[in-house]
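Biologist: Could you take me through one part of this model up close, the nonpolar core and the aromatic rings around it? Before that, please tell me how far to trust what I'm looking at.

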Amino acid sequence: MKHRNTALSAILGLGIAAALGTAAPVQAATTQAPTQHTAAQSAQHYAGAKQEAGNKAFFEAVMKSVAKKQAAHPGLKSVTITYDASAAPSYQSQIAASAQIWNAAETNVKLQAGSSGADFSYREGDDPQGSYASTDGHGSGFVFLDHAQTQEYDSVRVTAHETGHVLGLPDDYSGPCSELMSGGGPGPSCTNQQPDAQERAQVDSLWANGFAKALAKANVAARS
């Protein structure tokens, strides 16, 4: 992956990018010295308040989608999130691995491949934002996997990190490599693909307590 220029400081991509500073162009016969970035500062190139709000909206949309289906089929005994990976053919193995990672880590929610009526989908391509999770504001969303990022960083870590947003986790770029949601903060050498104990507990709590509230609302809507 080619490093991104600091002129793209407005990048809001989620995933795993390291934008290194370069010298600014000459202006009025003066040259600005290159800006030095720490790993934490570089991580901010693919995060921001707007994207964090988008992550939260995506999680809420997925939870509502799952709750609506659960209310329509009260006999279901487990909370299952379905995903469609057909639009990301290059990442089938990474997506499957990410689902296995989270399914092994959680007890209150599971990920399952599906197509018709999926709660969210995966897509792939090239985007200066990098990888990110997005919602259209109408109850559906997708995880976008950027080719350049998945070449520079561990591709399963990138995919599992983005899937963490689907499950309700925010970014924490100042965290250690052992924390999955630290994303690109620790740098490309970090290849940890597993959520830590705190992240696992947070997801389980969200899909126990938060989902119960979403399901209650869905049941009321279904009866009205």
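Modeller: Confidence comes first, since this is a predicted model. Of the elements, helix 3 has the highest mean pLDDT, at 98, while helix 1 (residues 39–43) has the lowest, at 40. Across the protein the average is 76, and 71% of the residues score at least 70. The stretch to be wary of is residues 1–48, where the pLDDT is below 50. That stretch still has 106 contacts in the model beyond near neighbours in sequence, so read them with that score in mind.

Now for the core. The largest nonpolar core has 33 residues, and the members that touch the most others are I81, F120, Y122 and W207. Helix 2 (49–72) gives the largest share, six residues. Other elements that contribute two or more include strand 1 (80–87), strand 3 (120–125), helix 5 (155–166) and helix 6 (197–223). As a general point, nonpolar side chains in soluble globular proteins tend to be buried together.

Pick out F120 and look around it. Leaving aside neighbours within four places in sequence, F120 is in contact with F58, V62, I81, T82, Y83, D84, L111, G141, V143 and V166. One of those contacts, Y83, turns up again in the ring pairs, which link Y83, F120 and Y122 into a cluster.

The structure holds six aromatic pairs in total. One of them is F59 with W207: the ring centres are 5.8 Å apart and the planes sit at 85°, so this pair counts as edge-to-face. F59 belongs to helix 2 and W207 to helix 6, and the pair links parts of the chain 148 residues apart. Both F59 and W207 are buried.

A ring can also have a charge for company. The charged end of R123 sits over the ring of F142, 3.8 Å from the ring's centre.

Last stop, the cysteines. There is one disulfide in the structure, and it joins C177 to C190 with an S to S distance of 2.0 Å. The link is right-handed, with 90° about the S-S bond. Both C177 and C190 lie in the loop between helix 5 and helix 6, so the disulfide ties together parts that are 13 residues apart in sequence. Are the two cysteines buried or exposed? C177 is partly exposed, with a relative accessible area of 27%, whereas C190 counts as buried at 4%.

Notes: Residues numbered from 1 in each chain as written. Predicted model: local features only at pLDDT ≥ 70, side-chain atom pairs only at ≥ 80, totals over all residues. Heavy atoms only, no water. Core = buried A, V, L, I, M, F, W, Y, C linked by side-chain atoms within 4.5 Å. Buried < 20%, exposed > 50% of the residue type's maximum accessible area, 1.4 Å probe, protein only. Helix = DSSP H or I, 4+ residues; strand = E, 2+ residues; numbered from the N terminus. Contact = heavy atoms within 4.5 Å. pLDDT = per-residue confidence, 0-100. Phe/Tyr/Trp six-rings, centres within 6.5 Å; stacked < 30°, edge-to-face > 60°. Lys NZ or Arg CZ within 6 Å of the ring centre and 35° of its normal. Disulfide = S-S within 2.5 Å.
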